[in-house]
Amino acid sequence: MYPAELVMPRKAELTDNGFDELLTSGSVDDTLKKEGTTLVVINSVCGCSAATARPGVLMAVAHSEKKPDRLTTAFAGYDLEAVQQIRTHLLPYPPSSPSIALFKDGQLVHFIERHMIEGRSAQMIAANLADAFEQYC
């Protein structure tokens, strides 16, 4: 488990911008079974990819005409129960953090794995998400 002093500023980058935290397996299941679209960001301390993932997600949400109904996040290596439960909804994809998932009516419709984040700019991640929002939201 990561120390709070590493995690809290990275959590706040999303929660201060309207993302709700998923902290338990029940909150994950309750949220994902809702009608409509839910964006789930599995946040991470990883400097190489999370440092572009968070700004990319925020850019996409701020600048897209169509947006998910719900914005949610859980932190890998910290919100253990919630992340474990989110990953059951992401199967058959292997665990990946950071990662970004879009669900529609409880079904995974778009997923950006860590390897799709690494080496890409926040603008590229935002464009990828904006296309998914346009298609599914």
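**Stop 1: helices α2 and α4**

Begin by selecting helix α2, residues 25-32, together with helix α4, residues 80-89. In this predicted model, α2 passes α4 in a right-handed crossing. The two axes come within 7 Å and cross at roughly 40°. An angle between 35 and 65 degrees belongs to neither the roughly parallel nor the roughly perpendicular class, which makes α2 oblique to α4.

Next, display the side chains at this crossing. On the α2 side, select Ser-25, Gly-26, Val-28, Asp-29 and Leu-32. On the α4 side, select Glu-81, Ala-82, Gln-85, Ile-86 and His-89. Coloured by class, the contact of α2 with α4 shows 4 nonpolar, 4 polar and 2 charged residues.

**Stop 2: Arg-87 in α4**

Remain on helix α4 and select Arg-87, which is found there. Is Arg-87 buried, exposed or partly exposed? Its relative accessibility is 24%, and the buried class requires a value under 20%; Arg-87 therefore counts as partly exposed.

Now show what surrounds this residue. Leaving aside residues up to four places away in sequence, Arg-87 touches Ile-42, Ala-76, Pro-95, Ser-96 and Ser-97. Draw a distance between the C-alpha atoms of Arg-87 and Ile-42: the separation is 9.4 Å, although the two residues are 45 residues apart along the chain.

**Stop 3: two cis peptide bonds**

Follow the chain out of α4 into the loop that leads to strand β4, residues 99-104. Select Leu-91 and Pro-92: the peptide bond from Leu-91 to Pro-92 is cis, with omega near 20°. Pro-92 lies in this loop between α4 and β4.

Then select Ser-97 and Pro-98. The peptide bond joining Ser-97 to Pro-98 is also cis, and its omega is near 0°. Pro-98 is likewise found in the loop between α4 and β4. Ser-97 has already appeared on this tour as one of the residues that Arg-87 touches.

**Stop 4: Asp-105**

Continue past β4 and select Asp-105, placed in the loop between β4 and β5, where β5 spans residues 107-112. What is the sign of phi at Asp-105? It is positive, at about 50°, although Asp-105 is not a glycine. With a relative accessibility of 44%, Asp-105 counts as partly exposed.

**Stop 5: helices α1 and α3**

Turn now to helix α1, residues 4-15, and helix α3, residues 50-63. Their axes come within 10 Å and cross at roughly 15°. Angles under 35 degrees count as roughly parallel, and α1 and α3 are therefore roughly parallel to each other. The crossing of α1 past α3 is left-handed.

To see where the helices meet, select Arg-10, Glu-13 and Leu-14 of α1, followed by Arg-54, Pro-55 and Leu-58 of α3. By class, this contact of α1 with α3 contains 3 nonpolar, no polar and 3 charged residues.

**Stop 6: the buried face of α1**

Keep α1 displayed and select Val-7, Lys-11 and Leu-14, which are buried. Rotate the view to look down the axis of α1: its buried residues fall within an arc of 50°, so they line one face of the helix. The general reason lies in helix geometry: an α-helix has 3.6 residues a turn, so residues three or four places apart point the same way.

What covers these buried residues of α1? Select β1 (20-21), β2 (37-43), α3 and β3 (70-75), which are among the elements that do so.

**Stop 7: helices α3 and α6**

Keep α3 selected and add helix α6, residues 122-136. The axes of α3 and α6 come within 7 Å and cross at roughly 45°. That angle makes α3 oblique to α6, and α3 passes α6 in a right-handed crossing.

Among the residues of α3 at this contact are Thr-52, Ala-53, Pro-55, Gly-56 and Ala-60. Those of α6 include Ala-122, Gln-123, Ile-125, Leu-129 and Phe-133. By class, the contact of α3 with α6 has 12 nonpolar, 3 polar and no charged residues.

**Stop 8: Asp-131**

Finish on helix α6 by selecting Asp-131, which is placed there. With a relative accessible area of 57%, Asp-131 is exposed. How far apart are the C-alpha atoms of Asp-131 and Ala-60? They are separated by 9.3 Å, while the two residues are 71 residues apart along the chain.

Key. Residues are numbered from 1 along each chain as its sequence is written. This is a predicted model: local features need pLDDT of at least 70, side-chain atom pairs count only at pLDDT 80 or more; totals for chains, interfaces and linings use all residues. Side-chain values use heavy atoms; hydrogens and water are left out. Helices (H or I, at least four residues) and strands (E, at least two) are DSSP runs, numbered from the N terminus. Buried means under 20% relative accessible area, exposed over 50%, partly exposed in between (1.4 Å probe, protein chains only). Axes are lines fitted to C-alpha atoms, for helices over the stretch in contact, and angles run from 0 to 180 degrees between N-to-C directions. Angles under 35 degrees count as roughly parallel, over 145 as roughly antiparallel, 65 to 115 as roughly perpendicular and the rest as oblique. A crossing is left-handed if the near helix is turned anticlockwise from the far one by less than a right angle, and right-handed if clockwise. Contact means heavy atoms within 4.5 Å. Ala, Val, Leu, Ile, Met, Phe, Trp, Tyr, Cys and Pro count as nonpolar, Asp, Glu, Lys and Arg as charged, and the others, Gly among them, as polar. The arc is that of the directions from the helix axis to the C-beta atoms.
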